[in-house]
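Welcome! Please take a moment to look over the sequence and the model, and then let us walk through them together.

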Amino acid sequence: MAVVRAPGVTAEPSGDRTVVLDAEATTMSTLNPVGALLFAQLVTPHTAAQLVEVLRRQFPDVPVTTLESDVDSFLAQMRSAGLIVPADADG
């Protein structure tokens, strides 16, 4: 299933990190550089497999299973915080 940023969510760079704000829930999250790279992709719909491919291009020496685990964890955290939604629920 493809996901995108939830409506009302904004992301602002802050040094090598990104601060994500959800105006509706008044939630603020700080993403590390890898999380920021993944979150930047979610302006448009992406599946977990597509996000793994983004990381694979950036980190070709990291095992794919590690990248898959990292993406799954990232998506679970973003879902739990209400920062991403299924692409068909956007708008």
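## A hairpin to begin with

S14 has R17 in strand 3 as its bridge partner. Before going further, please keep in mind that this is a predicted model.

A second pair sits on the same two strands: P13 stands opposite T18 in strand 3. Strand 2 and strand 3 (residues 17-22) are joined in the antiparallel sense over 6 bridges. Together, strand 2 and strand 3 make a hairpin, with 2 residues between them. In the turn you will find G15, whose phi is positive, at about 70°.

## The sheet around the hairpin

The hairpin belongs to an open sheet of 3 strands, ordered 2-3-4 and paired in the antiparallel sense. Strand 2 (9-14) and strand 4 (27-31) are the edge strands, and each of them pairs on one side only. On average, neighbouring strands of this sheet are turned by 20° against each other, direction ignored. As general background, the strands of a sheet pair through backbone hydrogen bonds, either parallel or antiparallel.

## A helix across the sheet

Helix 1 lies across strand 2, strand 3 and strand 4, and its direction is at about 115° to strand 4. The N-terminal end of helix 1 is capped by N32, which places a side-chain oxygen 3.0 Å from the backbone nitrogen of V34.

Which residues of helix 1 (residues 33-41) are buried? They are G35, A36, L38 and F39. These residues lie on the same side of helix 1, because they cover an arc of only 165° around the axis.

## A closer look at A36

A36 is a good residue to zoom in on, and it is found in helix 1. A36 counts as buried because its relative accessibility is 14%, and the cut-off for buried is under 20%.

Leaving aside residues up to four places away in sequence, A36 touches T18 and L31. T18 is the residue that P13 stands opposite. A36 can also be compared with A11: 25 residues separate the two in sequence, and their C-alpha atoms are 8.7 Å apart in space.

## A buried histidine in a loop

Next, move along to H46, in the loop between helix 1 and helix 2 (48-58). Is H46 buried or exposed? H46 is buried, because its relative accessible area is 14%, with under 20% as the cut-off.

The side chain of H46 reaches two backbone oxygens. The backbone oxygen of T44 is at 2.9 Å from this side chain, while that of Q41 lies 3.0 Å from one of its polar atoms. Not counting residues up to four places away in sequence, H46 touches M1, A2, V3, Q41 and L51.

## The whole protein

Now step back and view the whole chain. Its secondary structure comes to 3 helices and 5 strands. Along the sequence, these follow the pattern β-β-β-β-α-α-α-β.

The C-alpha atoms fill a box of roughly 40 × 30 × 20 Å, taken along the principal axes. The radius of gyration is 13 Å, which agrees with a compact globule, because a globule of 91 residues would have a value near 12 Å. Of the 91 residues in the protein, 32% are buried. Among contacts between residues at least 6 apart in sequence, 53% join residues at least 24 apart.

How values were computed
Residues numbered from 1 in each chain as written. Predicted model: local features only at pLDDT ≥ 70, side-chain atom pairs only at ≥ 80, totals over all residues. Heavy atoms only, no water. Buried < 20%, exposed > 50% of the residue type's maximum accessible area, 1.4 Å probe, protein only. Helix = DSSP H or I, 4+ residues; strand = E, 2+ residues; numbered from the N terminus. Arc of directions from axis to C-beta. Polar contact = N/O pair within 3.5 Å; in protein donor to acceptor, adjacent residues only side chain to side chain. Pairing = 2+ DSSP bridges. Axes fitted to C-alpha atoms, helices over the stretch in contact; angles between N-to-C directions. Contact = heavy atoms within 4.5 Å. Rg over C-alpha atoms; globule rule 2.2 N^0.38 Å.
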